[in-house]
Amino acid sequence: MTISTGMKYISTRGGDDLLTFEETVLTGLAPNGGLYIPATMPTLPENWQHDWSHLSFTELALELYSLFISSDEIPREDLKELIERSYSTFRHPEVAPLHRVGEKQWILELFHGPTFAFKDVALQFLGNLFEYFLKRRNANKVGAERETLTVVGATSGDTGSAAIYGLRSKKDISIFILHPKGRVSPVQEAQMTTVLDANVFNLAVEGTFDDCQDIVKALFSDTPFNKQYHLGAINSINWARILAQTVYYFSSYFKLRRTLPYDLSDSTIQFAVPTGNFGDVLAGYYAKKLGLPMEKLVVATNSNDILSRFWKTGRYEKTASTSVEGEEDDEPVEEGNQQTLPVGGSGDGSQAGAVAETLSPAMDILVSSNFERLLFYLALEGTTAGAVAADGEVDGGRAAKIRLAGQNVQGWMTKLKTEGRVVVPKLAVEAARRDIIADRASDEQTTEQIKQYFTTKSEYGSYVVDPHTAVGLEVANRVALKNTPSVVQIVLATAHPAKFNAAVAAALVNEPSFDFERDIMPKEFDGLLDLPRRVIDCKCSPEAVQKVISREVAKLVGQASGKEAETNGASI
């Protein structure tokens with residue numbers, strides 16, 4: 001393959017490595033623990049708003065992906081075929097349709113993929129990417145010559161099933177998904193553990209999602225183990241996940257522009273995103289950096305509110321705290337942007353260094369991995385000319401700024417790991433507040449939103465939302481009170497309500513017109529909970545997971561060798 005001269009990728013924690021897109025996708029996590037990002041931001045074509053205005057979702061994906069993937073690496077026709085195959089599995093022809101729920105509010109339905117969650121948008125594509133790269137690398141290779149990929153990921157519920165559906169039975173790939181035992185919904189667990197393909201392994205870890213995520217990062221950082229098993233990442237630490245998710249921000253922008261009864265040039269769109277690991281909203285941040293017109297992005301968290309607290313205080317910390325003596329407080333936030341007071345109920349209140357269990361379990365995350373990517377851009381923007389000059393480049397060169405930003409992120413993440421908190425400089429916090437606002441929702445508020453949208457008497461009719469989308473709606477509606485009249489909102493619906501049937505049914509238990517089986521249960525879920533399952537209980541340590549991976553991969557290699565021997569024997 002010709003080495004790409006196009007887009008390169010760098011680690012958020014610095015270093016000299018410049019990776020191609022293929023290397024970035026197959027490597028996942030940088031050796032220094034950082035996440036890969038584009039070395040430079042591409043620019044949109046001059047007439048993109050006109051030329052792209054009537055493109056389908058897959059056509060938009062091709063144009064956007066091509067900005068970040070050189071045709072030297074994936075020829076345009078190959079990329080087009082990969083995209084079309086990835087989204088042919090979706091139940092809706094638009095892939096991610098809009099549904100109007102208010103005069104100035106729309107729901108972006110991201111749950112029409114195979115596993116009824118937004119993760120399908122990225123993971124159907126990523127699974128096909130893995131397969132494409134391995135097939136090319138293994139051309140004319142047999143036996144031990146063939147390259148393999150051991151995909152390892154952590155899930156709070158939806159990533160696991162979406163990754164499994166994207167990689168099941170793919171040649172030369174095995175997948176190990178870690179989920180926190182007893183902390184995912186019954187439907188989420190069933191979607192993962194009832195997939196019995198030989199290359200799929202579900203590990204129920206005795207811990208939280210953050211524990212699972214830490215184990216995955218530890219495995220990637222273990223150089224000998226990583227090298228031996230060729231680990232691949234499916235969590236949103238993998239850049240391809242973020243890239244794929246930028247598409248629905250553009251598609252919904254064009255869809256709304258075609259739908260509105262008045263000129264969109266007189267209105268602006270505000271995206272509200274329920275998030276735990278920050279990947280979904282980070283895709284919106286990249287769309288904004290590319291030039292997609294929008295208001296400040298709205299981050300909506302549940303009571304696991306490390307993100308919400310950062311935008312209020314400028315401190316990124318596992319445990320809510322006041323200023324430490326000797327540290328300067330950030331200036332007061334604007335009136336109306338104060339921290340939401342805790343409301344009594346399940347999972348309410350600030351966490352004390354532990355994950356609170358809530359009605360929106362996919363967001364029950366203590367530390368948001370993808371926030372590190374945003375921190376890099378904040379560090380880059382906050383790097384002063386004086387600092388660049390002190391680094392030895394008096395011209396204020398970008399190379400020096402990137403190097404210093406990486407050093408700053410490395411220091412911040414080390415401090416977060418060792419001390420549980422980091423205070424981000426004021427310039428960086430101001431940059432964050434310029435593009436994003438954040439708030440949180442309690443379980444009681446989440447339940448109330450589910451009720452409100454089902455019982456609404458407006459002209460737009462009744463609508464059933466899952467608890468994560470309800471978190472987004474609660475925060476979006478709060479923010480809307482201070483919006484100018486020209487702002488319209490798109491709230492991202494991250495999962496189908498049937499995936500969280502207990503929370504939805506409990507919220508609507510006193511609504512006589514609601515029938516769960518009739519109103520929202522997809523036919524694909526019929527009998528799901530009764531299917532045979534395969535799951536491996538695992539202790540909460542990298543060593544325990546390594547042992548499982550080593551054992552199961554050895555079995556797969558033995559089975560593959562036996563099949564190859566049979567094939568060779570039959571051909572004699």
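A residue counts as buried when its relative accessible area is under 20%. In this predicted model, strand E5 (residues 149-154) meets that criterion along its length: 6 of its 6 residues are buried, so the strand is largely enclosed by the rest of the structure. The burial applies to both faces. Leu149, Val151 and Gly153 are buried on one side. Thr150, Val152 and Ala154 are buried on the other.

E5 pairs with strand E6 (residues 173-180) through 6 bridges, and the two strands run parallel. Within this pairing, valine 152 stands opposite phenylalanine 176 of E6. Helix H6 (residues 158-167) belongs to the connection: E5, H6 and E6 form a right-handed β-α-β unit. E5 is also joined to strand E8 (residues 231-233), here by 3 bridges, again in parallel. Valine 152 takes part in this pairing too, with alanine 233 as its bridge partner in E8. Valine 152 thus has a bridge partner in E8 and a residue opposite in E6.

The loop between E8 and helix H10 contains serine 236. Its relative accessibility is 6%, so serine 236 counts as buried. Serine 236 and leucine 35 are separated by 201 residues in sequence. In space, their C-alpha atoms are 9.5 Å apart.

A parallel arrangement is not found for E3 and E4. Strand E3 (residues 98-102) and strand E4 (residues 105-109) run antiparallel and are joined by 4 bridges. A hairpin of 2 residues links E3 to E4. Glycine 102 has glutamine 105 as its bridge partner in E4.

A search of the whole structure returned 3 cavities of 30 Å³ or more. The largest holds about 250 Å³ of space. Its lining comprises 24 residues. Phe118, Lys119, Gly276, Asn277 and Ala362 are the lining residues nearest the centre of this cavity. Three helices each supply at least two residues of the lining: H6, H10 (239-245) and H12 (279-290). H6 therefore appears both in this lining and in the β-α-β unit with E5 and E6. By class, the lining of the largest cavity divides into 8 nonpolar, 12 polar and 4 charged residues.

The second largest cavity holds about 60 Å³ of space. Ser156, Pro180, Arg183, Thr208, Phe209, Val355, Pro361 and Asp364 line this cavity. Its lining divides into 4 nonpolar, 2 polar and 2 charged residues. Pro180, one of the lining residues, lies at the end of E6, which spans residues 173-180.

Cysteine pairing was examined next. A disulfide is a covalent bond between the sulfur atoms of two cysteines. The assignment requires the two sulfur atoms to lie within 2.5 Å. By this rule, the count is 0 disulfides. For cysteine 538, the closest cysteine sulfur is that of cysteine 540, at 8.4 Å, which is too far for a bond. Cysteine 540 is likewise in no disulfide. The nearest cysteine sulfur to cysteine 540 belongs to cysteine 212, at 6.6 Å. Cysteine 538 has 4% relative accessibility and so counts as buried. Cysteine 540 is partly exposed, with a relative accessible area of 35%.

Methods
Residues are numbered from 1 along each chain as its sequence is written. This is a predicted model: local features need pLDDT of at least 70, side-chain atom pairs count only at pLDDT 80 or more; totals for chains, interfaces and linings use all residues. Side-chain values use heavy atoms; hydrogens and water are left out. Buried means under 20% relative accessible area, exposed over 50%, partly exposed in between (1.4 Å probe, protein chains only). Two strands pair if DSSP finds at least two bridges between them. A crossover is right-handed if, with the strands pointing away from the viewer, the path from the first strand over the helix to the second runs clockwise. On a 1 Å grid over the protein atoms alone, a cavity is a set of points where a 1.4 Å probe fits but cannot get out, and a pocket is an open set with protein on both sides within 12 Å along at least five of seven lines; lining residues have an atom within 4 Å of a point. Grid points are joined across faces, edges and corners, and a volume is the space filled by probe spheres set on the points. Ala, Val, Leu, Ile, Met, Phe, Trp, Tyr, Cys and Pro count as nonpolar, Asp, Glu, Lys and Arg as charged, and the others, Gly among them, as polar.
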